[in-house]
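Here are a few exercises to work through with the model open in your viewer. Try each task before you read its solution.

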Amino acid sequence: MFATSPLRIVAVSAGLSQPSSTRLLADRLAAATRERLAADQDRDGRDVEVRVIELRDLAVDIANHLVSGFPSGTLREAIDAVTEADGLIAVTPVFTASYSGLFKSFFDLIDNTALTGKPVVIAATGGTARHSLVLEHALRPLFAYLRAVTVPTSVYAASEDWGSSGDEYTEGLPSRIRRAGGELASAVLGRTVSGASRTPGLDDGEDAVVPFEQQLADLRLG
């Protein structure tokens, strides 16, 4: 009987402080993804490996690579972990209404075809909810350029979100984390992000579910 390789989930955290709310959000998204994968009955017993890459520990290596063109062994290993992951979680603090320079510098080092078809959860942290659109106007376009497939739910955590359960109009941070983790797990397993597996029929409207495999095919054709 052949051994089955584990599912690999890699989270990239661009937080600078220690402790870091960015790292905390990365950890919780990774845990939610692992929990959903572990609960799934269709994985045939595959293990789940989770790794969190702290970019603050690689800042000097990233800067040296940008000017020299040669990565250190530690940076090369981190880049390989990202490109070889089955699913990716990318979390950045918001600086000047966009992702951080460290976050962008790291992903500048990744070939623009290396993430083709890879499912990604994008997330960000900030002091105020007013910066939440950074997910749509900065992070989602970045990963579209890298040809990754971002799951529908992105997660933004403002300072007031920590410890909040939400209200009658909005979901709290924990439920958004669970939903994003569930979507990433479903995408990693090759399903639609809603968990559905059917092919849309002629009678389906605009909200028809598109299989994840078709999303990948459309991405490659484009």
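**Exercise 1. Work out what share of the protein chain is buried, and describe the fold along the sequence.**

Solution. This is a predicted model, and buried residues make up 45% of its 222 residues in the protein chain. Next, go through the secondary structure: you should get seven helices and seven strands. Read from start to end, they follow the pattern β-α-β-α-α-β-β-α-β-α-β-β-α-α. Finally, take the contacts between residues at least 6 apart in sequence: 75% of them join residues at least 24 apart.

**Exercise 2. Find the pairing partners of S1 and decide whether that strand is enclosed.**

Solution. Start with S2 (residues 48-54), which pairs with S1 in the parallel sense over seven bridges. Within that pairing, Ile9 has Val50 as its bridge partner. Now turn to S3: its pairing with S1 is also parallel, over five bridges, and here Ser13 is matched with Val91. For the last step, use the cut-off for buried, under 20% relative accessible area. Six of the seven residues of S1 are buried, so the strand is largely enclosed by the rest of the structure.

**Exercise 3. Locate the largest nonpolar core and say which elements build it.**

Solution. Clustering the buried nonpolar side chains gives a largest core of 37 residues, and Phe106, Phe107 and Phe143 have the most contacts inside it. The elements that give two or more residues to this core are strands S1 (7-13), S3 (87-95), S5 (119-126) and S7 (155-158), along with helices H3 (73-84), H4 (101-108) and H5 (134-145). H5 supplies the largest share, six residues. Zoom in on Phe106: leaving out residues up to four places away in sequence, Phe106 touches Val12, Leu55, Ile62, Leu75, Ala78, Ile79 and Val82. Apart from this core lies another, of 24 residues, with Ala11, Leu29, Ala180 and Ala187 among them.

**Exercise 4. Characterise how H4 packs against H5, then look at what else H4 packs against.**

Solution. Fit the axes first: the angle is about 5° and the axes are 12 Å apart. Angles under 35 degrees count as roughly parallel, and H4 and H5 are therefore roughly parallel to each other. The contact involves Phe103, Lys104 and Phe107 from H4, with Leu139, Leu142 and Phe143 from H5. Sorted by type, the residues of this contact are five nonpolar, no polar and one charged. Then list the buried residues of H4: Leu102, Phe103, Ser105, Phe106 and Phe107. Besides H5, these pack against S1, helix H2 (59-68), H3, S3 and strand S4 (98-99).

**Exercise 5. Hunt for the backbone oddities: a cis peptide bond and positive phi values outside glycine.**

Solution. Most residues other than glycine have a negative phi, and most peptide bonds are trans. Scan omega first: Gln18 and Pro19 are joined by a cis peptide bond, with omega about 5°. Pro19 sits in the loop between S1 and H1. Scan phi next: Ala97 comes up with a positive value of about 65°, in the loop between S3 and S4. Arg147 also turns up, with phi near 70°, in the loop between H5 and strand S6 (149-150). Check accessibility last: Ala97 is partly exposed at 37% relative accessible area, and Arg147, at 39%, counts as partly exposed too.

Methods. Residues numbered from 1 in each chain as written. Predicted model: local features only at pLDDT ≥ 70, side-chain atom pairs only at ≥ 80, totals over all residues. Heavy atoms only, no water. Core = buried A, V, L, I, M, F, W, Y, C linked by side-chain atoms within 4.5 Å. Buried < 20%, exposed > 50% of the residue type's maximum accessible area, 1.4 Å probe, protein only. Helix = DSSP H or I, 4+ residues; strand = E, 2+ residues; numbered from the N terminus. Contact = heavy atoms within 4.5 Å. Axes fitted to C-alpha atoms, helices over the stretch in contact; angles between N-to-C directions. Parallel < 35°, antiparallel > 145°, perpendicular 65-115°, else oblique. Nonpolar A, V, L, I, M, F, W, Y, C, P; charged D, E, K, R; others polar. Pairing = 2+ DSSP bridges.
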